[in-house]
Amino acid sequence: MSTKHKIINEKIAIQVSGGPSVMNGYLARPATDGTFPGVIIGMEIFGVNDHIKDITNRVAELGYVAIAVDFYHRTEPNLELSYDTAGRNKGMELMGQLSREEVLEDVEATMAFLTSTENISGKIGFIGFSIGGHIAYLAATQLEIAVTICFYAGWIVNPDIKLSQPEPTVKLTSGIAKHGGQLVYFVGGQDSLITKEQLDLMSTALKSAEVRYELTIYPEAMHGFFCDQRPLTFSNTASDDAWKKIQKILSDGL
C-alpha cells in the first residue's frame with residue numbers, strides 16, 4: 001500500500017485563456033520536498049464541496065499534486081450545493097449550461113497550471129465523479145491525459161446535455177487512444193442514470209478504438225456510491241474496493 005504523505009492544501013485561482021474569467025480551485029499536495037505527478041479531480045453537479053475536497057486530500061496523501069477546479073466559475077462561482085432536492089435541481093440547471101468548448105478550456109488551463117508549478121513531474125491523470133466523470137472522458141479524447149478514471153459518468157452515449165453535443169461524447173472515443181491514454185470506469189449495477197445498454201455502447205466504442213480500458217460494475221451499488229456524505233446511496237464495500245483500485249491505477253499509469 002502507498003505511503004501516506006502529510007499534505008498542504010490551499011485555494012488557488014487560474015486564469016482561463018480566451019477571456020477575463022478566473023477559475024477558482026482547491027489544491028492539495030505532499031508537504032515534503034520533491035516533485036509529484038498531477039491529478040485533476042472533477043466535481044459532481046454539487047460543486048467543489050467538502051466531498052470533493054476530501055477526495056483531493058486523499059489523492060494528495062498518496063503522493064500526487066491534486067487539484068479540483070470550479071467548472072461553474074462562469075455562471076455561479078464558488079457554489080457548494082447540498083445533497084437534497086434543491087441542491088440537485090440547482091446543480092442540474094448549472095450542469096446543463098456547461099459547453100464542450102468551455103470545459104476543455106478549463107481543463108487545459110488546469111493542466112497548464114499544474115505543469116507550471118515546481119512540484120509537478122511526469123504525467124497528468126484525471127478522476128471525475130458523475131458530470132465530472134463526463135468531463136474527464138471528454139478531456140481524455142482531446143488532451144494528453146495519461147490516466148482517466150470515471151465514476152458513474154452519465155450522458156456519454158446520448159446527446160441530452162450540451163457537453164454531449166453536437167454528437168454524443170462516445171463518438172470522440174478514438175481520441176483517447178490517439179493521445180495514448182487509458183480509461184477506467186466505475187459504476188453501480190443499480191445506477192438509475194446509467195443503463196446496461198449505455199455501458200455496452202461505451203464498451204463497444206472503447207474496444208473499437210483500441211483504448212486501454214477497464215469497466216468495473218458493483219452489482220448492488222447505486223449512483224453516487226463513492227460519496228460517504230450521501231447515506232442513501234453510499235456503499236462502503238464498493239467505495240473501498242474502488243479506492244484500492246485507484247491507488248494501483250495511478251501508481252502504474254503515472
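This report walks through pockets, a cavity, a helix pair and three individual residues in a predicted model.

## Pockets open to the outside

Let's start with the open spaces. The largest pocket has a volume of about 520 Å³. Its lining counts 21 residues, and those closest to the pocket centre are Phe46, Arg88, His223, Arg230 and Thr233. Sorted by class, the lining of the largest pocket is made up of ten nonpolar, six polar and five charged residues.

The second largest pocket comes to about 210 Å³. Its walls are formed by Lys11, Asn24, Gly25, Tyr26, Val48, Lys53, Ala68, Asp70, Asn78, Leu79 and Glu80. Strand β2 (residues 22-30) is the biggest contributor here, giving three residues to the lining. By class, the second largest pocket is lined by four nonpolar, three polar and four charged residues.

## An enclosed cavity

How many cavities of 30 Å³ or more does the structure hold? There is one, and the space inside this largest cavity is about 50 Å³. Around the largest cavity you will find Ala153, Gly154, Trp155, Ile156, Val157, Asn158, Tyr185, Ile194, Gln198, Leu199 and Met202.

Helix α6 (residues 196-208) supplies the largest share of this lining, with three residues. As for chemical class, the lining of the largest cavity has eight nonpolar and three polar residues, and no charged ones.

## Where α3 meets α4

Two helices are worth a look together. Helix α3 (residues 100-116) and helix α4 (residues 131-142) have axes that come within 10 Å and cross at roughly 75 degrees. An angle from 65 to 115 degrees counts as roughly perpendicular, so α3 and α4 are roughly perpendicular to each other.

On the α3 side, the contact is made by Arg100, Val103, Leu104 and Val107, while α4 brings Ile135, Leu138, Ala139 and Gln142. Taken by class, this contact of α3 with α4 has six nonpolar residues, one polar and one charged.

## Two buried residues: Thr148 and His179

Thr148 sits in strand β6 (residues 147-151). With a relative accessible area of 0%, Thr148 is buried. Setting aside neighbours within four places in sequence, Thr148 is in contact with Phe126, Ala136, Tyr137, Ala140, Gln182, Leu183 and Val184.

His179 belongs to the loop between α5 (174-178) and β7 (182-188). Is His179 buried or exposed? Its relative accessibility is 17%, and buried means under 20%, so His179 counts as buried. Not counting residues up to four places away in sequence, His179 touches Ala140, Thr141, Gln142, Leu143 and Glu144. Ala140 therefore appears in the contacts of both Thr148 and His179. Further along the chain, Leu254 lies 75 residues from His179, and the C-alpha atoms of the two are separated by 15 Å.

## Ser121 on strand β5

Ser121 is part of strand β5 (residues 120-129). Is this residue buried, partly exposed or exposed? Ser121 has a relative accessible area of 26%, so it is partly exposed.

Which residues does Ser121 contact, leaving aside neighbours within four places in sequence? They are Thr35, Phe36 and Pro37. For Phe36, the separation along the chain from Ser121 is 85 residues, yet their C-alpha atoms are separated by 5.2 Å.

Methods
Residues numbered from 1 in each chain as written. Predicted model: local features only at pLDDT ≥ 70, side-chain atom pairs only at ≥ 80, totals over all residues. Heavy atoms only, no water. Helix = DSSP H or I, 4+ residues; strand = E, 2+ residues; numbered from the N terminus. Buried < 20%, exposed > 50% of the residue type's maximum accessible area, 1.4 Å probe, protein only. Contact = heavy atoms within 4.5 Å. 1 Å grid on protein atoms, 1.4 Å probe; cavity = no way out; pocket = protein on both sides within 12 Å on 5 of 7 lines; lining within 4 Å. Points joined across faces, edges and corners; volume = space filled by probe spheres on them. Nonpolar A, V, L, I, M, F, W, Y, C, P; charged D, E, K, R; others polar. Axes fitted to C-alpha atoms, helices over the stretch in contact; angles between N-to-C directions. Parallel < 35°, antiparallel > 145°, perpendicular 65-115°, else oblique.
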